[in-house]
Amino acid sequence: MGNLRYTNLPSETPEEDALAELALDVSAHWSRFTDPLWKQLNPELWERTGNPWLVLQTVSSEKLKTVTSRPEFRSMLGDLLQARAEDARSPRWFQRVYDNSALKNVAYFSMEYMLTEGLPIYSGGLGNVAGDQLKAADDLGVPVVGVGLLYSQGYFRQVVGRNGAQRALYPFNDPGQLPIRPLRRADGDWLRLSMAFPGCDLWVRAWEAQVGRAKLYLLDTNDPANFPEYRTITGELYGGGPELRIRQEMVLGIGGWRLLRALGIDPEVCHLNEGHAAFAVLERAASFMEESGQPFDVALAATRAGNLFTTHTPVEAGFDRFSADLMRTCFTRYCADHLRISFDELMALGRSNPADGGELFNMAFLALHGSGAVNGVSRLHGAVSRQLFQPLFPRWPTDEVPVRHVTNGVHTPTWDSAESHKLWAEICGHKCWHGDLEEMEASLRQTSDGLLWGMRTRARRSLVEYVRKHYSRQLGVQGASPDEVAAAAAVFHPDALTLGFARRFATYKRPTLLLHDPERLLRILDNRERPVQLVIAGKAHPNDGAGQDLIRQWTNFINDRGPNSPVVFLSDYDMLMTEQLVGGVDLWVNTPRRPWEASGTSGMKVLVNGGLNLSELDGWWVEAYAPDVGWAIGDGQEHGDDPAWDAVEADALYTLLEREIVPEFYQRDETGIPRRWVARMRESMTRLTPQYSANRTVREYTANHYVPAAAAFAARAAQKGGAAAALVSWRQKLATAWNGITMGPLTARNHAGRLEFEVPVYLGELDPDAVRVELFANGRNGDGPFLKAMDRTAQLPGNGYLYSAGVEDNRNAADFTPRVIPYRPDAAVPLEARQIFWQK
């Protein structure tokens with residue numbers, strides 16, 4: 001980046017420069033240490049937006065001078081700057097564990113990022129994961145840079161009327177009020193990229209957001225030099241039709257990789273957070289072609305070793321697909337000028353059957369074809385994804401489809417309440433999330449019940465205050481009477497059991513499952529001796545009429561109860577509201593249809609705050625659930641959208657609340673502490689908070705994917721892709737000679753308590769070192785398949801070989817089948833070579 005610089009905003013005092021430095025680092029938005037600064041400048045704006053840069057932009061020069069002249073303010077500012085400088089110099093987890101040569105740079109591509117409400121370029125779960133992992137990478141010192149899009153409007157803001165009707169609004173995101181800076185060249189010109197688009201070139205502008213030590217680079221097309229239609233490419237997140245979506249994904253993937261090159265950043269690893277960014281694998285290969293002189297197939301073989309694809313989609317319909325006509329319009333010129341391949345060769349990368357001219361181009365298939373590893377986002381989602389991608393690996397057992405999993409986690413410092421932040425800091429220190437978390441469990445187990453329950457009580461009371469403020473303001477905007485607004489300002493009891501449900505309102509998430517029997521729900525809520533209150537929030541996509549109807553159902557239920565309803569629906573669910581809800585609720589409720597929740601992170605956010613979970617056995621909760629950490633519904637099976645099963649699970653929800661959850665919360669000892677509830681809190685906080693933190697997730701990605709991928713890419717790319725060229729030659733030979741394989745009968749004999757197998761295999765024109773012969777048996781008792789490599793023991797006429805293997809005599813010999821698969825030490829099979837031959 002030596003040829004680039006950032007312009008400095010004009011300022012009149014060093015204090016203004018220092019405040020700008022803090023405000024433009026979005027890590028300050030969740031660290032809490034800088035909060036007192038912004039509260040002194042504009043407490044109301046800070047409370048409503050949580051955006052230090054906006055506070056700094058709107059404060060008057062006179063007030064700024066007055067506040068910054070106070071000795072206590074200057075002292076606080078100086079201490080913060082000194083601590084920030086010391087922190088920047090200190091090694092973190094990655095620097096302590098790894099040699100810097102093991103991994104120099106990871107480029108993380110995502111369609112959205114949830115970093116702070118001050119930068120509203122997110123919709124929900126996908127952005128949550130991207131933002132939290134970028135933050136955790138900063139905490140841990142993992143060298144990650146993010147690449148995304150800067151939306152001028154972003155995802156919609158929600159207004160809900162008195163009758164429950166949702167309206168979608170799209171306020172303009174003024175870049176001058178966002179904590180970002182334009183990237184400029186050394187001569188002061190804005191860094192702008194040129195991309196060939198149909199009809200004319202597209203200009204793409206570049207911005208930077210500072211995330212502690214990490215950086216997020218954002219691209220936008222709202223350049224006055226662009227054709228008007230192209231200026232709106234980065235207008236809305238998840239708006240428009242396929243034409244807009246493919247343009248956005250071209251800017252993200254192709255433009256994003258070009259931006260990194262313009263900045264002098266040469267990542268060894270490219271992490272695709274969903275298939276939206278898959279065009280980056282094409283541009284990365286094109287860059288390697290330019291540097292090495294290799295053709296596209298060799299360049300892709302070299303670069304894919306350094307690409308990681310994370311899929312978040314639990315249903316096939318969730319994959320982005322584009323028609324051949326749309327692809328031809330957008331990519332004919334790109335294929336000829338940059339990839340130097342035919343259009344049909346490009347289309348084959350996005351299809352399960354390249355010969356099917358009617359098959360749509362699938363972005364997830366492109367990502368898989370261009371990556372060296374693929375993972376889902378929970379253990380169950382990994383299994384679901386193997387089924388989804390099975391068509392790409394015909395005749396391979398589903399268990400061997402090359403999709404593993406890395407379960408998501410959340411950035412705990414973002415989602416801890418003020419009360420729990422203080423408790424964790426006292427127990428484990430302010431930087432407890434910057435390391436390996438090994439000492440955390442012991443420290444938390446030594447904490448008294450009184451401290452844990454005190455934290456939980458104060459956090460709930462803070463939430464009640466927030467609900468009252470937000471709900472009364474919401475009703476006022478809706479045109480409610482003064483009496484109704486006053487009643488809203490007194491809703492909820494600060495000491496009542498408080499449930500939370502806040503998700504995207506979609507039918508598969510079943511947000512109205514608790515409404516299945518309204519009268520029974522009311523009996524649970526209205527118990528005077530053991531009251532229960534429920535706060536609900538969530539948006540339905542503007543085009544999802546069924547989801548919007550679910551909002552109406554809850555609104556009607558609330559309206560029927562009048563001003564003293566124990567249920568409230570808070571409109572315009574966003575990151576700031578999420579922080580309040582997950583910080584204060586006692587119990588988080590989650591009711592998706594299994595297996596349509598790939599991971600789910602909302603329930604993870606309550607863990608750090610001592611909140612408990614009541615959830616369907618889906619996503620992450622399948623791994624996390626145990627009877628002493630929370631509650632679960634479901635039988636671990638899939639039932640589709642069967643209304644009868646919905647009734648069964650609704651009954652299970654009510655029964656758990658009536659017989660276990662509510663009684664346990666209100667069963668107090670002589671000191672007023674619910675000991676059984678607190679014991680469950682302690683187990684949940686101790687065992688689940690570290691395990692389902694982004695700290696663990698990023699360390700897992702680093703050890704199992706980033707570092708190995710960097711080494712694999714280096715090996716493939718060496719000597720201008722020599723190893724990649726050899727791999728391509730191996731694959732070509734497999735393609736032409738595989739059908740020449742034949743196999744004789746498998747024989748078995750029992751010898752000394754072992755089964756000894758032999759099979760003759762004739763390889764035709766294939767080198768025996770290019771394949772592996774294996775003995776296969778289906779798994780038992782839920783285990784994966786049994787595999788054992790067979791030894792080549794004798795040569796037979798006609799390029800034939802006798803292969804043998806011995807196994808313990810604990811299964812019937814008929815359970816075992818020999819097979820032939822491709823083999824090369826540096827190849828990922830079957831990801832890079834999908835042939836398989838089974839004995840007939």
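Colleague: How do you know that strand β26 and strand β30 pair?

Modeller: Two strands count as a pair if DSSP finds at least two bridges between them. Strand β26 (residues 771–777) and strand β30 (residues 817–822) have six bridges, in the antiparallel sense, so they meet that rule. One bridge joins Val773 to its partner Val820 in β30.

Modeller: This is a predicted model, in which local features need pLDDT of at least 70 and side-chain atom pairs count only at pLDDT 80 or more, while totals for chains, interfaces and linings use all residues. Residues are numbered from 1 along each chain as its sequence is written, and side-chain values use heavy atoms, with hydrogens and water left out.

Colleague: What makes a stretch a helix or a strand here?

Modeller: Both are DSSP runs numbered from the N terminus: H or I over at least four residues for a helix, E over at least two for a strand. By that rule the protein chain has 30 helices and 31 strands.

Colleague: Which strands form the sheet that holds β26 and β30, and in what order?

Modeller: The order is β27-β26-β30-β31, an open sheet of four strands with antiparallel pairing.

Colleague: Why are β27 and β31 called edge strands?

Modeller: Strands β27 (786–789) and β31 (837–838) each pair on one side only. The loop between β30 and β31 holds Pro830, and the peptide bond from Val829 to Pro830 is cis, with omega near 10°. Another cis bond runs from Arg594 to Pro595, with omega near 5°. Pro595 sits in the loop between β20 (587–590) and α26 (602–605).

Colleague: Why is Asn226 called buried?

Modeller: Buried means under 20% relative accessible area, exposed means over 50%, and partly exposed lies in between (1.4 Å probe, protein chains only). Asn226 has 5% relative accessibility, so it counts as buried. Asn226 is in the loop between β10 (214–220) and α10 (228–231).

Colleague: Which residues are in contact with Asn226, leaving aside neighbours within four places in sequence?

Modeller: Contact means heavy atoms within 4.5 Å. The partners of Asn226 are Asp201, Leu202, Trp203, Thr221 and Arg231.

Colleague: What is unusual to check about phi at Glu274 and Arg510?

Modeller: Glu274 is not a glycine, yet its phi is positive, about 85°. Arg510, also a residue other than glycine, has a positive phi near 45°. Glu274 is in the loop between β11 (269–273) and α12 (279–292), and Arg510 is in the loop between β17 (497–502) and α23 (518–525).

Colleague: Are these residues buried or exposed?

Modeller: Glu274 has 7% relative accessibility and therefore counts as buried. The relative accessible area of Arg510 is 6%, so Arg510 is buried. In the protein chain, 58% of the 840 residues count as buried.

Colleague: How do you know whether the radius of gyration agrees with a compact globule?

Modeller: The radius is taken over C-alpha atoms, and the globule rule is 2.2 Å times the number of residues to the power 0.38. For 840 residues the rule gives a value near 28 Å; the protein chain has 29 Å, so the two agree. The C-alpha trace spans about 95 × 70 × 50 Å along its principal axes.

Colleague: What share of contacts with a separation of 6 or more comes from residues 24 or more positions apart?

Modeller: In the protein chain that share is 73%.
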